[in-house]
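Subject: Structure and notes

Hello,

Here is the structure I said I would pass on. My notes come after it.

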Amino acid sequence: MSGRAAIVHDRSLEDYGFGKDHPFNPLRIRLALELCDALGLLEDYRFLRPEPVSEEELTSVHTLTYVRMVQQAGAGTGDPAKLLDYGLGTPDNPVFPGMHEACSRVVGGTVLAARLVVSGEVEHAMCISGGLHHALRSKASGFCVYNDAAVAIALLKREHPGIRIAYVDTDAHHGDGVQWMFYEDPEVLTVSMHESGRYLFPGTGGVDEKGRGEGVGYSVNVPLEPFTGDDSWIECFEAVVPKVLRAFGPDLIVSQNGCDGHALDPLTHLCATTRLYEHIPRRMHELAHELCDGRWVALGGGGYDHWRVVPRAWSALWAAVSHQPLPENLPEGWLLEHAADSPVELPRRMHDDPGDYPPVARTKEIVAANRRTAEAALETVLHLIRR
């Protein structure tokens, strides 16, 4: 720790992955942290090593039966047919040795970051290994086995009765797992901006998903059109996120910072650039200071252009978390170290050149459709949110 920020990481968190040919490869985390270091952004910081969470902590949101299935899968003792019922052993979530232990430590990273912030030891904390937002109560989904953000939120609610937590997810994929786990809870506001589920996994996240029971109004969704670029995405973010956060009045903000909405990402259809991934952390930082004395936990998430996008996006995230300016250029040493291994030419600047990403032909229609969606989202929930 240094000053008012902390970075939670240990090489053991990089044990969570599904092999080098799977999109969710921990190489992207290694490249991002090495770039942070090469940029000089880690000079006054040391990694804080988390411990794995316990079964009891995991069952704050997951069923014990599911935890047992994950343990059996990782130990090689599970029945493959039965594991499939729990989303384990699929192409998205292949089984690997030590799966339970690896993911329990990732959850521990997010829990440590959250506890550091809520205790007042730091204002902001980052754990880019976290952000496994698709994991459901009894099922692995979308590269996610345990839902670290949901566990952290549930434990904070247990340890600090009455705490109000805002979860803001700007991954290209809907933050479904976190939403469903708190769908009836008015003390947890979930906000997700993502590519429309009509075109992208997991197929959920429509404006009409607004919560249930006492939680009606506390689930906010802004599904964006395919090929949405920076301008429209930022416009919708600014139209919705500050308003709903101010209406809610959080004690803590947890942000999921997937960067798979970048135009180069191979798994989505959005057209963002690094401009978006510098804007969102900066605004989350400002909103945290405006609304909850700076209490902000920043997580990773999706992002599948491992070489060109993820390292730059998450270096920008850490720069915002740690109150440091983002350098203009990638260090020559980092470029030389990785150029031979990268299957693509590495960018030399931290910021994308807008000229390399011209607007798509349907930009006006996309902007208009997204504007209507943002307006509909506000009309659906804003009058229901109470402090």
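The notes below cover one helix and its surroundings, a second helix pair, and a lysine in a loop. Please keep in mind that this is a predicted model.

Helix α8

Helix α8 runs over residues 230–248, which is 19 residues. At 1.5 Å a residue this helix should span 27 Å, and its end C-alpha atoms lie 26 Å apart, so the two values agree. The helix has a kink of about 25°, and F237 is at the centre of that kink. F237 is also among the buried residues of α8. The others in that buried set are D230, S232, W233, I234, C236, V240, V241, P242, V244, L245 and F248.

What covers these buried residues? The cover includes four strands, namely β3 (165–169), β4 (188–195), β5 (219–224) and β6 (252–256). It also includes the helices α9 (274–292) and α12 (363–381). After α8 comes G249, which has a positive phi, near 70°.

α8 against α12

The axes of α8 and α12 are 9 Å apart, and the angle between them is about 10°. Angles under 35 degrees count as roughly parallel, so α8 is roughly parallel to α12. On the α8 side the contact is made by S232, E235, C236, A239, V240, K243 and V244. On the α12 side the residues are I366, V367, N370, R371, A374, L378 and V381. Of the α8 residues in this contact, S232, C236, V240 and V244 are also listed as buried.

α5 against α6

Helix α5 covers residues 99–119 and helix α6 covers residues 148–159. Their axes come within 8 Å and cross at roughly 40°, and α5 and α6 are therefore oblique to each other. The crossing is right-handed. From α5, the contact uses V106, V107, T110, V111, A114, R115 and V118. From α6, it uses D148, A149, V151, A152, L155, L156 and E159.

K210

K210 sits in the loop between β4 and β5. Is K210 buried, partly exposed or exposed? Its relative accessibility is 31%, so K210 counts as partly exposed. Leaving out residues up to four places away in sequence, K210 touches Y183, G215, V216, G217, Y218, S219, T380 and V381. V381 is also one of the α12 residues in the contact with α8. K210 and E286 are 76 residues apart in sequence, and from C-alpha to C-alpha they are 26 Å apart in space.

Regards

Technical notes
Residues numbered from 1 in each chain as written. Predicted model: local features only at pLDDT ≥ 70, side-chain atom pairs only at ≥ 80, totals over all residues. Heavy atoms only, no water. Helix = DSSP H or I, 4+ residues; strand = E, 2+ residues; numbered from the N terminus. Expected span 1.5 Å × (residues − 1). Bend = angle between axes of the 7 residues up to and from the residue. Buried < 20%, exposed > 50% of the residue type's maximum accessible area, 1.4 Å probe, protein only. Contact = heavy atoms within 4.5 Å. Axes fitted to C-alpha atoms, helices over the stretch in contact; angles between N-to-C directions. Parallel < 35°, antiparallel > 145°, perpendicular 65-115°, else oblique. Left-handed = near helix turned anticlockwise from the far one by under 90°.
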